[in-house]
Amino acid sequence: MTWGGLTRASGQELTGRRVVLRPLVVNDFEAWREVRIRGRDWLLKWEPRPLAGQPDAVEDRRVFAARCAARERERQLGTGYGFGVFVGGRFAGEINLSSVQRGPFQNAYVGYWIDEAMAGFGYTPEAFVVLARFAFEDLALHRLQVSIIPRNRASRRVAEKLGLRDEGIAVRYLEINGVWEDHVRYALTSEEWTDRREDFLRTWL
């Protein structure tokens, strides 16, 4: 199906102008591992520290397979939707819709990361718009939230390019790399999506 420049392929593959979002599978391990190893300094300082004794998916294909299976279970339950970001068939990063909450909240959290070698080309904002289209128009969510450490300028540039609403600072919001870090909270509601939909699609898709 094609809607105003966005193609919804079979299953859970979502396609924009340049990016394809699809769930990661075991055969993606080598490409994923290469990007994660090469980008350790770029990525790990913004991520939660692994639990002590927890196996590392980067070092063990079986752990990566279990990670993929866990994401598939979340998808089946409707509690989360994880996607690899692919550009020209090359693995470029991840974007995830997590902690989907229904009832009166109808909210989900968006997290993303991109290969340092592919940063700055607008792939992440494009992936966000593809994901937002899915979240608001397929899943009928009301609100998406992105939380970013204030000094993480690369991630904040994505939110700013998209014009996401800045909701202020959440003090000591998440434990990142062993430290309770403040986060800037950005949000987008379905009403804002509807008002800005054509501009989002024209600019990014």
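These legends accompany several close-up views of a predicted model.

**View 1. Helix 4 against helix 5.**
We start where helix 4 (residues 123–137) meets helix 5 (residues 153–162). Their axes come within 9 Å and cross at roughly 55°, which makes helix 4 oblique to helix 5. On the helix 4 side, the contact is made by T124, P125, F128 and V129, and helix 5 answers with V158, K161 and L162. Sorted by class, these residues comprise five nonpolar, one polar and one charged. As for handedness, helix 4 passes helix 5 in a right-handed crossing.

**View 2. Helix 4 against helix 6.**
Stay with helix 4 and turn to its packing with helix 6 (residues 190–204). Here the axes are 11 Å apart and the angle is about 140°. Angles from 65 to 115 degrees count as roughly perpendicular and those over 145 as roughly antiparallel, so helix 4 is oblique to helix 6. This crossing is left-handed. Helix 4 brings P125, E126, V129, A132, R133, F136 and E137 to the meeting, while helix 6 brings S190, W193, R197, F200, L201 and W204. By class, the contact of helix 4 with helix 6 holds eight nonpolar residues, one polar and four charged.

**View 3. A closer look at E126.**
E126 sits in helix 4 and is one of the residues there that meet helix 6. Is this glutamate buried or exposed? With a relative accessible area of 1%, E126 is buried; the cut-off for that word is under 20%. Beyond its neighbours within four places in sequence, E126 is in contact with G16, R17, R18 and V19, and also with W204 and L205. W204 belongs to the helix 6 side of the contact shown in View 2.

**View 4. The largest nonpolar core, seen around I95.**
The largest nonpolar core counts 43 residues. Which of them have the most contacts inside it? They are L21, I95, L97, V110, F128 and L144. Helix 4 supplies the largest share of this core, with 10 residues. I95 makes a good centre for the view: setting aside residues up to four places away in sequence, I95 touches L21, Y81, G82, F83, V85, V110, G111, Y112, A127, F128 and L131. Another core lies apart from the largest one. That second core has 13 residues, and among them are V35, C68, F86 and F91.

**View 5. Helix 1 against helix 3.**
Helix 1 (residues 29–38) and helix 3 (residues 61–77) have axes that come within 11 Å and cross at roughly 105°. The two helices are therefore roughly perpendicular to each other. F29, E30 and W32 make the contact from helix 1, and R61, F64 and R67 make it from helix 3. The contact of helix 1 with helix 3 divides into three nonpolar residues, no polar ones and three charged.

**View 6. R61 and its surroundings.**
R61, found in helix 3, is one of the residues in the contact with helix 1. Its relative accessible area of 37% makes R61 partly exposed. Leaving out residues up to four places away in sequence, R61 touches V26, N27, F29 and E30. For a sense of scale, the C-alpha atoms of R61 and R90 are 19 Å apart, and the two residues are separated by 29 residues in sequence.

**View 7. G163, in the loop after helix 5.**
G163 lies in the loop between helix 5 and strand 9 (165–176). Its relative accessibility is 39%, and G163 counts as partly exposed. G163 and R22 are 141 residues apart in sequence, with 25 Å between their C-alpha atoms.

**View 8. Positive phi at S99 and Q106.**
Neither S99 nor Q106 is a glycine, and each has a positive phi of about 50°. S99 is placed in strand 6 (residues 90–101). At 42% relative accessibility, S99 counts as partly exposed. Where is Q106 found? Q106 is in the loop between strand 6 and strand 7 (107–114).

Definitions and conventions: Residues numbered from 1 in each chain as written. Predicted model: local features only at pLDDT ≥ 70, side-chain atom pairs only at ≥ 80, totals over all residues. Heavy atoms only, no water. Axes fitted to C-alpha atoms, helices over the stretch in contact; angles between N-to-C directions. Helix = DSSP H or I, 4+ residues; strand = E, 2+ residues; numbered from the N terminus. Parallel < 35°, antiparallel > 145°, perpendicular 65-115°, else oblique. Left-handed = near helix turned anticlockwise from the far one by under 90°. Contact = heavy atoms within 4.5 Å. Nonpolar A, V, L, I, M, F, W, Y, C, P; charged D, E, K, R; others polar. Core = buried A, V, L, I, M, F, W, Y, C linked by side-chain atoms within 4.5 Å. Buried < 20%, exposed > 50% of the residue type's maximum accessible area, 1.4 Å probe, protein only.
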